Amino acid sequence: MGQELRFPDGFHWGTATSSHQVEGNNRNNHWWRWEQEGGHVKDGTTSGPACDHYNRFEEDCRLMEEFGHNAYRFSIEWSRIEPQEGRWDEKEVEHYRRVVDCLRRHNLTPFATLHHFCNPVWFEEQGGWLNPQAPALLGRYAAYMAKQLGDAVPFWLTVNEPSVTPAAAYLMGEFPPCHRDPREFLTATRHVLIALGRMHQAIRESAPHSPQIGPVINMTYVMPGGDTEEDRQAAQLMDQYLNAYWLDGLRDGVIGPPAGDGEPVEGLKGAWDFVGVNYYSRAVVKAGPPPAMIEQVPPPADAETSTMGWEVYPDGFYQCLKRAAGYGVPVYITENGIGTDDDEQRRRYVVRHLAQAHRALREGVDLRSYLHWTFQDNFEWAEGFRQKFGLFAREEGTLRRIPKPSAAMFAEIARANAVPGEMAERYL
Ligand code: GCO
């Protein structure tokens, strides 16, 4: 029998989702509008009713509790709360109040994300993240929500994956508005970092209790894919952009390269009570053509990959957790998971990644949660519904939640607060 991997008392176990991917009918954000143009989403689907989580959240909370979870990370849809600039929709605030109350009734600690990729149409029309007012508008929204729900939400997550929006929307042309403009990319990168500070400050000042507030950084373990000086520089630049820019920026309160020269930003220094880490894979990169100047090297032929084409690389998880912990704030795993049609592969992925998390714990990392991406198969952005990251399947048409074997396995881990010995033996 393998060695049981025990997690600390009070550890948070659960899943993560985002409003647009699961709620359904978020008609007033820029993703919805872009989907309606047609031809953008790879598998031809649109978010549509998604998982109808907006109406079925009670059933979902019940299932989460039944499957041993004690936490849930969800996002608040900004375009519902502030459908027009400066106009707040109290009915929608009420909706999220009901969600949070329901979580509490089911013994699930709420982790609320304020911005998860989607912008209200009005915000996008003002230039989205390119608008110099963007950080202030995000700050105002954060203050409003903290006032409304601050009594009931102990964990606030400001911006999900701050590096993804600038790169995917303004450099790689993959997310709306699909631009490929390095100057815009750098402008958005600056504004998102400034917003992290603004939002933190706004929540701190507006929430009645003292919640824990932090960003969600998608950490990627970056390695050079060749041994030329250019390849090493490419890896360094990629690492700087994906990891150091945000982590150092929050620690030091400055805008560093590639979007700044180290200029200080008021309210940014120490704008985190913890760091949320999303981890999926590593990136092996070499020097490449414009506009990115960096090219990702495909995984080795014998590597295990997901249906997203991402390499399964658990050691990178450990590396990222250790690095995040080096910043001196508690670490919360806010996402980790795999797109796959093979649920046995998901089970193996989870256990192998938990083993790396446990390795980090044993070495003193102050690790407090494992929130798996994701609860149920959902709308995977420009990939559509084809990519399946859920512990539960989504029956087309009925949207019925169907537990996969991985849901049962995750329940066993969460209930035991440990990876049991037999499981460790089987997968490690
Ligand atoms: C992101 C998001 C999630 C994704 C998940 C799988 O990382 O893009 O936070 O919305 O669905 O990461 O790709």
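A polar contact is a pair of N or O atoms within 3.5 Å.

**Entry 1: the ligand and its polar contacts.** I am working from a predicted model, and I began with the oxygen atoms of the ligand. I found that an oxygen atom of the ligand lies 2.9 Å from an N or O atom in the side chain of His 116. For Glu 161, I noted a distance of 2.5 Å between an N or O atom of the side chain and an oxygen atom of the ligand, and for the side chain of Trp 373 the corresponding distance is 3.3 Å. I then looked up how far the ligand is covered, and the protein covers 94% of the 320 Å² of accessible area that the ligand has on its own.

**Entry 2: the shell.** I read that 13 residues surround the ligand, and that the closest are Gln 21, Glu 161, Glu 335, Glu 380 and Trp 381. When I sorted the residues of this shell by character, I obtained six nonpolar, four polar and three charged.

**Entry 3: helices around helix 9.** I looked next at helix 7 (residues 134–149) and helix 9 (residues 182–206), whose axes come within 8 Å and cross at roughly 25°. Angles under 35 degrees count as roughly parallel, so I wrote down helix 7 and helix 9 as roughly parallel to each other. Helix 8 (residues 164–171) packs with helix 9 at an angle of about 155°, and their axes are 9 Å apart. Angles over 145 degrees count as roughly antiparallel, and therefore I entered helix 8 and helix 9 as roughly antiparallel to each other. Finally, I checked the handedness: helix 7 passes helix 9 in a right-handed crossing, and helix 8 passes helix 9 in a right-handed crossing too.

Terms used. Residues numbered from 1 in each chain as written. Predicted model: local features only at pLDDT ≥ 70, side-chain atom pairs only at ≥ 80, totals over all residues. Heavy atoms only, no water. Near = heavy atom within 4 Å. Polar contact = N/O pair within 3.5 Å; in protein donor to acceptor, adjacent residues only side chain to side chain. Areas by Shrake-Rupley, 256 points an atom, 1.4 Å probe, with all protein chains shown as cover. Nonpolar A, V, L, I, M, F, W, Y, C, P; charged D, E, K, R; others polar. Axes fitted to C-alpha atoms, helices over the stretch in contact; angles between N-to-C directions. Helix = DSSP H or I, 4+ residues; strand = E, 2+ residues; numbered from the N terminus. Parallel < 35°, antiparallel > 145°, perpendicular 65-115°, else oblique. Left-handed = near helix turned anticlockwise from the far one by under 90°.
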